[in-house]
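Biologist: Please put the model up. I will ask you to justify the labels.

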Amino acid sequence: MRGPEIHDRQQQPVNKEEREVAKRFITSTLAVVVALAAMITLLISSTAAEAHDIKVGAIIAETGPAAFLGKPEAKTLQMLTDQINAAGGINGDKIELILKDSGGKKENAVSFAKQLIEEDKVFAILGPSRSGSTMAIKNIMEESKTILISCASTKKIVDPVAKHVFKTPQNDSLAVRMIFMEMQKKGISKIAVVVGGTGFGKMGNMFLNELAPEYGITVLENETYSPKATDLSAVVAKLMANKEIQAVVNWSIVPAQVILAKNMRQAGWDVPLFLSHGFGNIKYVQTGGAALEGVLFPAGRLLIADSLPADHPQKEVLVTYKNDYESKFNEPVSTFGGHAYDALMILVNAIKAVGGKQDTAMVVDAIENMTFVGTGGVFKFSPEDHSGLKIDAFEMMTVKDGKFAKAM
Amino acid sequence: MTIELFLQYLFAGITYGSLYAIVAIGFNIIYNTTGIINFAQGEFVMLGGMIAVTLINFVPLPIAIFLAVILTMIIGALIEMIFIRWLESPSVLRMIIITIGLSIIIREVALHVWDESVRSLPYFVGNEISSVTILGTNISPQVLWVVGVCSLMVVALSLFFKFTSLGREMRACAANRRAAILCGINAKNMVTLSFVLSAGIGALAGCVMSPITYTQYDMGPGLAIKGFTVAILGGLGNSFAAVAAGLLLGIIEAFSISVVPLAFQDAIAITILLIILFIRPHGLFGSSEAAGLKEF
């Protein structure tokens with residue numbers, strides 16, 4: 001009998017308190033609901049606005065040993081995205097560029113590719129800058145059916161063809177042929193091949209050895225140097241001792257390629273030195289100075305844009321890109337930035353061609369049927385050719401008075 | 001092998017060796033005072049080169065190098081005061097790990113200050129293709145600069161450690177810190193001084209080798225590993241031994257190229273380091289008795 005009494009007595013204040021609590025609860029719930037509703041509407045409206053924005057991922061080696069490639073690529077992508085968006089985007093849709101710095105490492109490229117595909121749900125990925133990194137993610141792209149337009153050079157990226165994988169730089173095998181053709185002209189038949197210890201170097205080495213017999217050329221010596229090499233005079237001594245060597249091919253993208261050139265000239269060895277298209281950054285010429293005068297290397301026409309005849313099909317695109325880049329960043333343009341330019345423009349043109357639809361199958365189809373005048377050459381893609389460039393995309397270049405020039 | 005080729009390999013080896021030795025000397029100074037290995041030594045080399053390359057836009061080369069050395073010394077002093085000086089009797093292991101951390105921090109800061117490009121000082125004499133002919137073999141004049149600066153440093157340092165009271169006080173701290181303190185030596189100041197000295201030497205090394213190797217924000221660890229190998233090979237703490245061991249390693253590496261592919265060059269250095277650690281842990285020129293007295 002005592003229990004309920006106590007209970008009764010306590011009920012009044014409890015009730016009052018409860019009512020207070022309830023009141024507060026209702027108001028706070030209302031506030032939360034209102035806030036939530038506001039947020040949801042905001043979210044909906046913002047996603048509605050962004051729904052058509054085209055998310056483009058980019059995996060670029062902005063730092064690390066391939067930074068000479070990656071830095072101009074990243075700058076170019078940023079500049080071009082801003083230009084396209086300022087001009088109203090693609091059929092009214094803005095490009096949202098998600099730039100990842102791989103540091104030039106394969107592992108990073110792999111994890112960024114997964115992150116971009118799974119978390120950011122990008123429509124396509126541009127890059128990676130390096131051949132090794134691109135090969136590492138080729139299958140990931142193919143399995144997830146996401147478009148990749150690589151800025152790396154090796155032919156292996158598009159051979160065998162993967163439906164969703166394209167690339168913009170000229171095939172390394174074409175660069176090799178270009179060099180061998182030049183050697184034939186000069187009557188060179190016995191050479192030494194020295195490559196940088198990177199994916200680019202390894203692939204180049206393979207093609208150099210594979211294609212040499214076709215041109216009647218014998219590779220007498222074959223060496224690989226560390227990308228971190230500080231001096232290469234010992235290997236120069238070794239090669240120099242072989243008096244039969246008529247020319248050296250130095251195939252690399254890392255700064256150490258300049259050290260080899262320097263050590264050769266210091267040793268007083270003046271055989272022709274051929275470099276790869278991985279040399280197309282004027283900063284290499286600046287670091288190497290006099291040692292690089294007269295070297296020969298195949299490259300796209302971007303480096304000599306100004307001296308092209310006015311009726312050359314690439315003239316306009318090259319000069320426009322060169323002037324835009326150089327006036328914005330106050331540094332000389334490089335072929336690597338050009339590869340990124342081509343990659344983004346190919347994607348943009350393909351999306352435009354299908355009426356702005358973000359439909360992977362349709363866009364792949366559009367690229368495969370595209371003819372595009374880019375910085376690297378005139379691209380003619382097909383379902384069998386995901387590189388699109390022929391050997392005429394190259395020009396034999398040299399260094400004259402610290403500047404790139406067309407080789408005579 | 002012809003005499004000419006032999007000499008070419010020898011000179012290439014001297015080039016490598018002098019680069020290794022000049023880095024190794026920096027390790028020895030801090031080791032002589034504190035008994036620790038400063039794994040940020042390679043970063044001092046990088047900082048010296050980078051600062052000089054930046055300054056050369058404003059002042060002539062000798063002044064740029066001088067200022068780079070002074071600035072790196074100040075950085076060395078600051079690093080010691082901020083991260084090491086206030087520690088109460090830190091263990092050797094703890095200090096070594098601190099230096100590893102420091103090397104990572106300095107590298108990242110350098111990346112943000114100077115970006116990732118490769119830079120270099122101009123050749124002190126001549127340019128990229130000029131060479132001096134010695135015994136019919138060509139060698140870059142810059143190599144002679146490195147060898148010269150390296151020898152000067154070694155002589156100056158050994159005089160400093162043997163004959164000045166400051167140098168003796170620094171050595172006393174390494175031999176027995178407590179006894180040194182009881183004798184009235186300010187051990188903390190000596191440690192700071194050793195960081196200043198080795199930062200200065202590292203920076204000078206970074207300047208003279210910059211035209212040969214180029215300077216990049218992440219050049220430190222590679223140099224530090226080679227310098228460390230050489231310091232161990234010679235016997236820690238002995239600058240003369242470091243130079244001898246540096247030249248020895250450089251020459252071995254150069255000649256190895258005549259038999260094995262260039263790609264294995266670094267593997268040879270590491271193999272030698274391992275062999276030395278197994279059979280002569282006190283180094284080629286060190287005494288095992290003296291090494292037994294040291295903590296590390």
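Biologist: Why does E368(A) count as buried?
Modeller: Its relative accessibility is 3%. Buried means under 20% relative accessible area, exposed over 50%, partly exposed in between (1.4 Å probe, protein chains only). E368(A), at 3%, therefore counts as buried.

Biologist: And the ground rules?
Modeller: This is a predicted model, so local features need pLDDT of at least 70 and side-chain atom pairs count only at pLDDT 80 or more, while totals for chains, interfaces and linings use all residues. Residues are numbered from 1 along each chain as its sequence is written, chains are lettered from A and ligands numbered from 1 in the order in which they are written, and side-chain values use heavy atoms, without hydrogens and water.

Biologist: What makes K163(A) and E368(A) a salt bridge?
Modeller: The closest N and O atoms of K163(A) and E368(A) are 3.1 Å apart. The rule asks for a side-chain nitrogen of Lys or Arg within 4 Å of a carboxyl oxygen of Asp or Glu, so the label follows. The pair links distant parts of the chain, 205 residues apart. K163(A) sits in the loop between β4 (147-150) and β5 (165-167) of chain A, and E368(A) in helix α12 (residues 360-368) of chain A. Helices (H or I, at least four residues) and strands (E, at least two) are DSSP runs, numbered from the N terminus. K163(A) is partly exposed, at 41% relative accessible area.

Biologist: What is the place of H164(A)?
Modeller: H164(A) is in the loop between β4 and β5 of chain A. H164(A) has 8% relative accessibility, so it counts as buried. Residues in contact with H164(A), leaving aside neighbours within four places in sequence, include E142(A), T360(A) and V364(A). Contact means heavy atoms within 4.5 Å. H164(A) and I367(A) are 203 residues apart in sequence, yet 10.0 Å apart in space, C-alpha to C-alpha.

Biologist: How many salt bridges does the structure hold over all chains?
Modeller: The total is 19. One of them joins D385(A) to K390(A), with the closest N and O atoms 3.3 Å apart. D385(A) counts as buried at 19%, whereas K390(A) is partly exposed at 48%. K75(A), K283(A) and E331(A) are linked in a network of salt bridges.

Biologist: How many salt bridges does the rule find across the interface of chain B and chain A?
Modeller: One. K228(A) pairs with D218(B), the closest N and O atoms being 3.2 Å apart. K228(A) lies in the loop between β7 (218-225) and α7 (233-241) of chain A, and D218(B) in the loop between α8 (187-213) and α9 (220-234) of chain B. K228(A) has 43% relative accessibility, so it counts as partly exposed. D218(B) is buried, at 15%.

Biologist: How much area do chain B and chain A bury between them?
Modeller: About 2,800 Å², with 57% of it on carbon and sulfur atoms. Buried area is the accessible area (1.4 Å probe) that two parts lose on being put together, summed over both. In chain B, E128(B), Y214(B) and L262(B) lose the most area to chain A, together 22% of what that side buries. The contact takes 34 residues from chain B and 35 residues from chain A.

Biologist: What makes β2 (95-101) and β5 of chain A edge strands?
Modeller: Each pairs on one side only. Two strands pair if DSSP finds at least two bridges between them. The five strands form an open sheet in the order β2-β1-β3-β4-β5 (chain A), with parallel pairing. The twist averages 20 degrees from one strand to the next. Strand β1 (residues 54-60) of chain A is joined to β2(A) by seven bridges. In β2(A), V56(A) has L97(A) as its bridge partner.

Biologist: Which strands does helix α11 (residues 335-353) of chain A lie across?
Modeller: Helix α11 lies across β1, β2, β3 and β4 of chain A, at about 155 degrees to β3(A). Helix α4 (residues 131-144) of chain A lies across β1, β3 (124-126), β4 and β5 of chain A, at about 160 degrees to β4(A). Axes are lines fitted to C-alpha atoms, for helices over the stretch in contact, and angles run from 0 to 180 degrees between N-to-C directions.

Biologist: Why is C207(B) too far from C150(B) for a bond?
Modeller: The sulfur of C207(B) is 15 Å from the closest cysteine sulfur, in C150(B). A disulfide needs sulfur atoms within 2.5 Å, so C207(B) fails. C207(B) is buried, at 0% relative accessibility. Over all chains, the structure holds zero disulfides.
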